[in-house]
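The following paragraphs lead a new reader through selected parts of one protein structure. Please keep the sequence and the model in view while reading.

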Amino acid sequence: MTNRVWLVPHTHWDREWYEPFQRFRLRLVDLLDDVVARAVREPDFRFTMDGQMAAVDDYLQVRPDQTEAVRALAASGQLAIGPWRVLMDEFLCSGETMIRNLEIGWADAARLGPVMAIGYLPDMFGHCAQMPQILRHVGIEQAVVYRGVPAEVDQHEFCWRSPDGSGIRTEFLANSYGNAADVFGAGDARRRLAERLGTQSSWYDDEFLAMYGTDHAAPLPSLMAEVADLNADVEGPHVRVATLTEYLASPRHPLAQLRVVDGELRSHARANILPGVLSVRWQLKEAMARTERLLARYAEPFSSLFLPTLPAYYLDLAWRGVVDSSCHDSVTGCGVDETAGQVLARLEQAEHAAQAVRDRALAPAVAAAPTGSLVVANPSPDVRTDMVDVTVPVPDEWADVAFALPDGSLVPAQELSRPTAELARERVRSTDLPRLMHRVHDRELFGLQVRGIEIEPELRQLTFLLADQGDPAFDAIAAELRLRAAAQAAGTDTEWVVVTRDEPRRRLAAQVTVPALGWAAIRPVAGAPAPAGEPVRRDARTLDNGLVAVRVAEDGTLSVTADGVTVERVARLVDGGDGGDSYNYGPPLHDVLVGTPTEVTVTAPGQVGPVVGHLRVDRRYELPTSSDLSGRSSTTESTLVTMEVELRQGEPFVRLALEWENRSRDHRLRLHLPTARPADGSHAKGQLAVVHRGRTAEAGPVGEYPIATFPAETFVDAGGLGVLLGRTMEYEVVDGDAASGTEIALTLLRSIGYLSRNVHPYRSEPAGPQLPTPNAQVLGPCRATVAVMPHNGDWGQADLGAAVEGLLHPVVVRAGSAPADTPLASVAGLPVTGRGVDLLSLRRRSDDDTAVEVRVLNASDEPTVVVVGSPDRPVQRAFTVSGRGVPGDPVEVTDGVVTMPLGPWQIVALCVDVGVPFG
């Protein structure tokens, strides 16, 4: 029998979704105006602001005069705010982004009052495996979830456990975050509440959680009066209006007595998890991944290590842009076109800010490297050898080119091509010669610098001589006078040839070793040192680097051999209809699959070996123009898919870059990658864990077809085939041919035309309004990058984590600017090493701080040790910190090095003090 009803008034505020941000914000202002006034007027009224601070900040920017009222309500406990900045999608942003989300949201809330220390996750489309540990990392011990909970859970609370063993008490909103949304306002609240208790109270003991609120809705003005009327009935349950904080502070079952649920929550059993969002509007997913990596692994660590003054405003701008874009209706792409456009613009702004910080951070290195040299900066936390691909000035007389290193040694350079030096040739009348100087912008012409002009009257030819470094003495006014004199001498009826010529250049590739989180200067020189290691070899249809062998078949697919394992028919493309919407894939009743190209061409561009080799595979397909729920059109669009196959020296995988122009509507394009042996499941890395999944998904009575597609952030591995990813992708392990038995099918593109559909083959109810989203058809240029790595053993034995580190974090190259006689140099950053250790972030909190915070993950099933520091950058002291920067326990330092054990899948943040200022 229910003795108490905890009634929690709230709203679920989708910041941007089926309307863009500013249209929703005006409604938000109205809602919170009412909530604040009501709370001031009625001391027993409570309101929970959706667990996210962005909505509060959005309101106070419009109503700054309400700041003190909000602060007072938070202090009194009437208004629950925080802890998140936004309610993100847990599978379309990185684990570090989610930690920053909490950090930013908590700090913003704390400026106004007490923070709701609850991991409120009401509407995410499933939950990642490490969320319990992420919450505990910032000091949160309770979570509230709705979607993705498996059928085994039969009570309103359970113990949710991360791969590291972190368990957290979790409240399950078994009947959604709006199970009491329609109880009040119709004049029969007593009957409606009794109906809710009759159908839902079995989840509870003697108490019942009634979530009174839903999307963009405010509590009714009559709420408190109707509650008082309910409580006047002494025979009925007592209704207490409360915040989530108050409800969860009431006595709970001990954690040890609760059912344990391990890992990610992606079951369809209790609620829709809408997996189709993983593949719509691919540009958003790529922009998110690219910007996260740029910010967390380049801009922030480089600026922390190399700049005395941090560009803190820009770093904050970039992080807030990334976090705000991670919202579960934002990066997912399941909003209207205007919303998607705003999200992409926000991510681009964050990317630009991160680019600016990265380049500012590398400015000291550029200033210390001689003109004519290149600065190669390494974002990895260990010494790294990586390929540089650069186009640099090289004298024509040099037969061979090498790169000189700071230690005096040489590494061979592979010539990829020689760009033409003649950039332009035109004919002009002699009277127009002086006007040509008007093209020059402060010595800049064609993106280069003018180093002089040559006037040859006898040939009637003028040549502009360009280079990376112009002649500081070049005088544009004097040059114009010279041209005027030449024109007068030649006469008005003559015609001149005008040539714009660059200095001779070559595009070169070389393997360069760079210190951990540091940089090295290299310079092109004449020479041909002996290659180190196995060179890359190529013929018309094959590539081989001694580790990986690739052969292109007649149909354009690949045979790839590595580690003694061969997989055939790699990179087969299969296109089918998609009559679904932004939330769920929906196959037409009569689908037509296209998987055979009508034309295949293989070419071998550029020079080959010893550093890198390429093949280009062009495949043309006739794809149906459009689809609907019944079938696909008979008309087709001729679609050319170009695949660049790249093999680098020393890499255990082959890189694939696909480009095409999407001309068809309402379809799904997948890349099929056969496994080396039949696979009964898969492992995928994402959000600070590697998760094992079977080949089926748990179904339930809610009406969403349990499609067995899953997200992968950086790699997916099945049956001895590892696939490394450039962005989060949706994948499925499907039946293959007799040779492999199974295949990994990666969704490259979902092209759809509606936000949601009221009639859907894979979903019994709409996920939103049926609004057209023509831009979600993503017509136009498309691209995707992956790498393929056959292997023996499992993903850990194959060291896919190290492969991902190399693929996703290439070195950065910049031109030096110091005097040409400056010696070449290299500078080490701060090494962070350990078997299986992933660097998540490295940052400095303030300009005068001699310490940096380093967050790492043991990305393995076995214990390991993280080592921080080196003789070049000795550590003076170290201690642990929480995800919010709260100091913890001291960590032992020996001979300037921190050595700390890590358990399997453990996340740790360390404050490491080197005793001297950075920069």
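In this predicted model, V881 stands opposite P887 in β49. The two strands concerned are β48 (residues 877-881) and β49 (residues 887-891), which pair in the antiparallel sense over three bridges. Together β48 and β49 form a hairpin, with five residues between them. Within the turn, G885 has a positive phi of about 85°.

Attention may now pass to a sheet elsewhere in the chain. Five strands make up an open sheet with mixed pairing, in the order β16-β20-β19-β18-β17. Strands β16 (422-429) and β17 (444-445) stand at its edges; each has a single partner strand, so one side of each is left without a neighbour in the sheet. Strands of a sheet pair through backbone hydrogen bonds, either parallel or antiparallel. The parallel sense is found between β19 (residues 461-467) and β20 (residues 495-502), which are joined over six bridges. One bridge partner in β20 is D502, which is paired with L466. Helix α12 (residues 476-490) packs on this sheet and touches β18 (448-456), β19 and β20. The direction of α12 makes about 25° with that of β18.

A further feature is a pocket. The second largest pocket has a volume of about 740 Å³. Its lining comprises 27 residues, of which R293, T785, L807, L808 and P810 are the closest to the centre. Which helix gives the most to this lining? It is α9, with five residues. Other elements that each supply at least two lining residues include α11 (337-368), β41 (780-790) and α13 (800-808). By class, the lining has 12 nonpolar, 11 charged and four polar residues.

How values were computed: Residues numbered from 1 in each chain as written. Predicted model: local features only at pLDDT ≥ 70, side-chain atom pairs only at ≥ 80, totals over all residues. Heavy atoms only, no water. Pairing = 2+ DSSP bridges. Helix = DSSP H or I, 4+ residues; strand = E, 2+ residues; numbered from the N terminus. Contact = heavy atoms within 4.5 Å. Axes fitted to C-alpha atoms, helices over the stretch in contact; angles between N-to-C directions. 1 Å grid on protein atoms, 1.4 Å probe; cavity = no way out; pocket = protein on both sides within 12 Å on 5 of 7 lines; lining within 4 Å. Points joined across faces, edges and corners; volume = space filled by probe spheres on them. Nonpolar A, V, L, I, M, F, W, Y, C, P; charged D, E, K, R; others polar.
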